[in-house]
Amino acid sequence: MEFFTIILDKSSSRQVLPDNFVKMLDGHRPQNMKLRQAGNGLGKLWDVEVVFDTDGSMYLDRGWKQFVRAHDLRHGYFLVCRYDGNATFVVKVFDTTMCWRRYQDDDDASMLCLFFLSIRLCLTPI
């Protein structure tokens, strides 16, 4: 399942998950989830505690603030979250320019950097 969310001022401390996502879990209430930034296949997994309030709403709580800080998520950023069915969300971040935000440790970005570096080395006179 995929869904999107927009970072608002109040979502920097915890993030509510859509009701339809909670329904898809069919009564299963996980205590923790993992977050991974999209494009970083084997990169860091962020442990995030899951809490439920009295009306059944589900939130990403402890650990979410660290993910927000580490990825410099700001007001108005748009996140696309893909649930892998194994308590892990793959998160793709779009900034306020509406472009996919690439991070230094992205696998694709690293490969692109190596590609341009190799072209530069090939074109450099010896």
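This report walks through the fold, the core and the aromatic contacts of a predicted model.

## Ground rules

Because the model is predicted, local features need pLDDT of at least 70 and side-chain atom pairs count only at pLDDT 80 or more, while totals for chains, interfaces and linings use all residues. Numbering starts from 1 along each chain as its sequence is written, and side-chain values use heavy atoms, with hydrogens and water left out.

## Overall layout

The protein chain has three helices and seven strands, where helices (H or I, at least four residues) and strands (E, at least two) are DSSP runs numbered from the N terminus. Reading from the N terminus, the elements go β-β-α-β-β-β-α-β-β-α.

Of the 126 residues, 34% count as buried; that label means under 20% relative accessible area, with exposed being over 50% and partly exposed in between (1.4 Å probe, protein chains only). The chain exposes about 8400 Å², with carbon and sulfur atoms supplying 56% of it (Shrake-Rupley method, 1.4 Å probe; for residues, only the protein chains shown count as cover). As for contacts (heavy atoms within 4.5 Å), 53% of those between residues at least 6 apart in sequence join residues at least 24 apart.

## The sheet

All that strand content comes together in one place: seven strands form an open, mixed sheet in the order E1-E6-E7-E3-E4-E5-E2. Two strands pair if DSSP finds at least two bridges between them. Strand E1 (2–6) and strand E2 (15–16) sit at the edges with a single partner strand each, so one side of each has no neighbour in the sheet.

At the E2 edge, two bridges join E2 to strand E5 (residues 58–60), and the two run antiparallel. Gln15 stands opposite Leu60 in E5.

## The core

The largest nonpolar core has 25 residues, and Phe21, Leu35, Leu60, Trp64, Leu73 and Phe89 touch the most other members. Such a core is a set of buried Ala, Val, Leu, Ile, Met, Phe, Trp, Tyr and Cys residues joined through side-chain atoms within 4.5 Å. Helix H1 (19–24), strand E3 (32–37), strand E4 (46–52), E5, helix H2 (64–70), strand E6 (78–83) and E7 each give two or more residues to this core.

Leu60 is worth a closer look: leaving out residues up to four places away in sequence, its contacts include Gln15, Leu35, Val48 and Phe89. Over in strand E7 (residues 88–94), Thr88 is buried at 8% relative accessibility. With the same sequence cut-off, Thr88 touches Lys34, Leu45, Arg82 and Tyr83.

## Aromatics

Rings of Phe, Tyr and Trp (its six-membered ring) pair if their centres lie within 6.5 Å; planes under 30 degrees apart count as stacked, over 60 as edge-to-face and the rest as tilted. By this rule there are nine aromatic pairs. In one of them, Phe3 and Phe21 have ring centres 5.7 Å apart and planes at 50°, so the pair is tilted. It ties together distant parts of the chain, with Phe3 in strand E1 and Phe21 in helix H1, 18 residues apart. Phe3 is buried at 10%, and Phe21 is buried at 1%.

Tyr83 and Phe89 make another tilted pair, with centres 5.3 Å apart and planes at 55°. Tyr83 is buried at 12%, and Phe89 at 1%. Phe3, Phe21, Tyr83 and Phe89 form one aromatic cluster.

## Charges over rings

A charge sits over a ring if NZ of Lys or CZ of Arg is within 6 Å of the ring centre and within 35 degrees of the ring normal. The charged end of Lys44 sits over the ring of Trp46, 4.0 Å from its centre. Arg102 lies over the face of Trp100, at 4.0 Å from the ring centre.
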